[in-house]
Amino acid sequence: MSRTDAHDTAEPMVYIVDDDSSVRASLQDLLASVGLASMAFGSAREFMQARLPDAPACLVLDVRMPGVSGLDFQQDMARLNILVPVIFITAHGDIPMSVKAMKAGALEFLTKPFREQDLLDAISLGLDRDQLRRQTAATLDELRRRHGTLNDGEREVMALVVSGLLNKQVAARLGVSEVTVKVRRGALMRKMNADSLATLVKMSEKLKDVDR
Amino acid sequence: MRRTQLTLRLLLLLGLALGIAAIDTVTDLEIAVGVFQIVVVLIAVRLLPARAVAGVSVACMVLTILSYRYTRFGDSEAGLINVLISLAAIAGTTYLALRLSAAIGTVHRTRAHLAHIARVNMLGELAASIAHEVNQPLAAVANSSSACLRWMANDPPNLPKARQAVERILADTHRASDIIARLRGMARHQAPTKQWLNVADTVNAALRLLAGELNEQNIHLRVQIQEGLPPMLVDEVQIQQVLLNLAMNAIDALRQVDDDDRRTLDVRAGLEAGQLHFSVSDQGKGLAGNDHERVFDAFYSTKPDGMGMGLAISRSIIEAHDGRIWVASNPQSGATFHFTLPAVTREPDEQN
């Protein structure tokens with residue numbers, strides 16, 4: 001699989017949403033000391049209103065904040081399809097709270113004051129995960145784009161070829177000559193940038209997963 | 001001890017019932033003295049458990065019937081009607097009195113339960129918000145310290161950044177201590193309003209609040225207050241709060257004690273070494289080894305549903321009154337909590 005997207009080179013970014021300014025400042029400094037760029041926000045609303053860079057990211061989110069609480073915001077994010085991995089930090093956490101957060105897909109739930117290594121580990125895991133997610137999404141976009149360049153004839157041939165039919169059978173099914181099938185097949189393999197039938201089958205599976 | 005008291009009360013009631021029956025017997029049938037048996041029932045409701053009250057009531061009815069049987073003078077038809085009225089009165093009174101005392105008992109229990117819940121909720125909320133407030137600067141301090149260490153570990157060390165981190169640590173440390181200072185200020189908000197009080201009156205007023213609880217738990221209260229104690233200059237509510245706290249702990253400790261003789265709460269007050277000395281002791285399970293030092297710590301409790309605040313608050317009250325509070329194990333079983341208050345003379349000028 002080729003990776004031609006540009007996202008990999010973007011500098012990862014850590015977002016911090018906490019209502020306490022000294023917690024924000026100290027977290028930013030801590031991240032800076034390990035060479036991580038970060039942006040800090042005093043509330044979930046500020047975060048939503050900000051222009052965010054297009055980069056792999058993860059969100060360090062305080063649970064207890066005036067206005068929208070961290071847990072509520074997590075729900076909002078799911079609804080708005082914001083897929084940034086979330087690490088919760090809280091000054092007083094209880095078990096039901098952490099269970100709720102983890103069930104909703106949080107990466108980690110840390111109680112303040114936490115060990116820096118726990119936070120840094122969680123952040124690095126979150127950034128890795130977001131990077132992977134972005135790559136998968138980018139690959140898919142690319143696949144779709146390529147699939148879009150196929151003409152109708154090529155698309156038909158592709159559908160039948162990946163279902164396991166031989167050229168001869170495809171030709172019979174479509175009522176065209178075997179040579180035509182071969183030509184279309186060559187073109188679609190080039191356009192899809194697939195080096196083998198196996199690769200093409202995988203690509204078609206991915207496209208189907210998305211359509212589902 | 002309790003058993004003899006119970007027997008004594010029963011005998012007195014029986015005497016009263018017999019007396020009424022005797023008068024009923026010697027008077028004419030037309031005079032329904034038997035109705036006065038309801039007095040016996042009403043007294044019994046105050047002194048005895050429900051089942052015993054029912055027994056007393058039946059005994060009164062039997063006595064009324066017997067006295068009708070043996071009364072020599074008067075119209076027997078009127079006598080029969082009078083007896084029936086007496087019996088109905090006794091039965092009705094018993095029923096109503098028992099219902100009333102059950103209702104009162106329920107009200108007491110519900111009120112105590114509600115008070116407990118309210119207290120626990122409030123303290124839980126308080127603890128949670130204190131934890132939140134104090135943990136914020138602590139988290140910032142921890143983060144800044146880690147950052148500082150990393151800036152210093154750089155090659156070459158990034159001293160300006162490290163210095164900034166340390167400055168933030170200092171600021172957050174002060175912020176944490178400000179929060180704690182504010183909390184202490186809040187706790188002290190209700191400044192004690194001290195007044196001259198009589199020791200015996202204060203102790204008895206506090207213990208009166210426990211009468212229902214003691215009765216319900218079948219616990220005997222023994223109060224010994226030395227005669228002629230000097231008055232004390234204290235905040236009445238606060239000192240009563242301490243006494244109630246200690247007494248409630250003792251009652252809780254006695255809850256599991258089955259032996260009737262041990263179900264006794266001892267409260268003493270006296271003058272020792274120039275100080276007023278109070279003690280509250282029970283014969284419950286007592287305290288384990290290191291509990292002696294820890295029971296006065298906040299949030300430390302030996303009770304499964306305890307908040308660990310009662311004794312901590314008691315200690316701060318006593319210390320605010322220049323007194324001392326401590327606990328000792330009793331030789332046989334249970335614990336005794338002691339506290340002292342300064343014995344002030346009202347007019348120090350006269351002493352010199």
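In the predicted model, 9 residue pairs are in polar contact between chain B and chain A, both residues of each pair being at pLDDT 80 or more. On the side of chain B that touches chain A, at least two residues come from each of helix H4 (76-153) and helix H5 (159-187) of chain B. H4(B) makes the largest contribution to this side, with 16 residues. Sorted by class, the side of chain B that touches chain A comprises 9 nonpolar, 7 polar and 5 charged residues.

The contact as a whole involves 23 residues from chain A and 21 residues from chain B. About 1,800 Å² is buried between the two chains, and carbon and sulfur atoms account for 53% of this area. Of the area that chain B buries against chain A, 33% is supplied by His132(B), Asn143(B) and Arg150(B), more than by any other three residues.

Salt bridges were searched for over all chains, and 17 were found in the whole structure. Across the interface of chain B and chain A, the rule finds 3 salt bridges. Among them is the pair formed by Asp29(A) and Arg168(B), whose closest N and O atoms are 3.0 Å apart. This distance falls within the 4 Å cut-off applied to a side-chain nitrogen of Lys or Arg and a carboxyl oxygen of Asp or Glu, so the pair counts as a salt bridge. Asp29(A) lies in helix H1 (residues 21-33) of chain A and Arg168(B) in helix H5 of chain B, so the salt bridge joins two chains. Side chains of opposite charge can pair in this way when their charged atoms come close.

For chain B, an unreviewed UniProt entry places the feature "transmembrane region" at residues 31-48, 53-71 and 83-102. Two of these segments were examined in the model. Residues 31-48 of chain B are 61% helix and 0% strand, and the C-alpha atoms at the ends of the segment are 30 Å apart. Residues 83-102 of chain B are 100% helix and 0% strand, with the end C-alpha atoms 28 Å apart.

Aromatic pairs number 7 over all chains. In one of these pairs, the ring centres of Phe88(A) and Phe109(A) are 6.1 Å apart and the ring planes stand at 50°, so the pair is classed as tilted. The planes are thus neither under 30 degrees apart, as required for stacked rings, nor over 60, as required for an edge-to-face pair. Phe88(A) belongs to strand E4 (residues 86-90) of chain A and Phe109(A) to strand E5 (residues 108-111) of chain A; the two residues are 21 residues apart, and the pair links distant parts of the chain.

Backbone geometry was also considered. Most residues other than glycine have a negative phi, and most peptide bonds are trans. In chain A, the peptide bond from Lys112(A) to Pro113(A) is cis, with omega near -10°. Pro113(A) is situated in the loop between E5 and helix H5 (116-149) of chain A. In chain B, Asp155(B) and Pro156(B) are joined by a cis peptide bond with omega about 0°. Pro156(B) is placed in the loop between H4 and H5 of chain B, and these two helices each supply at least two residues of the side of chain B that touches chain A. Asn193(A), a residue other than glycine, has a positive phi, near 60°. The position of Asn193(A) is in the loop between helix H8 (178-192) and helix H9 (197-211) of chain A.

Technical notes. Residues numbered from 1 in each chain as written. Chains lettered and ligands numbered in written order. Predicted model: local features only at pLDDT ≥ 70, side-chain atom pairs only at ≥ 80, totals over all residues. Heavy atoms only, no water. Contact = heavy atoms within 4.5 Å. Buried area = accessible area lost by both parts, 1.4 Å probe. Polar contact = N/O pair within 3.5 Å; in protein donor to acceptor, adjacent residues only side chain to side chain. Helix = DSSP H or I, 4+ residues; strand = E, 2+ residues; numbered from the N terminus. Nonpolar A, V, L, I, M, F, W, Y, C, P; charged D, E, K, R; others polar. UniProt positions renumbered as here; feature names shortened; annotations may be inferred. Phe/Tyr/Trp six-rings, centres within 6.5 Å; stacked < 30°, edge-to-face > 60°.
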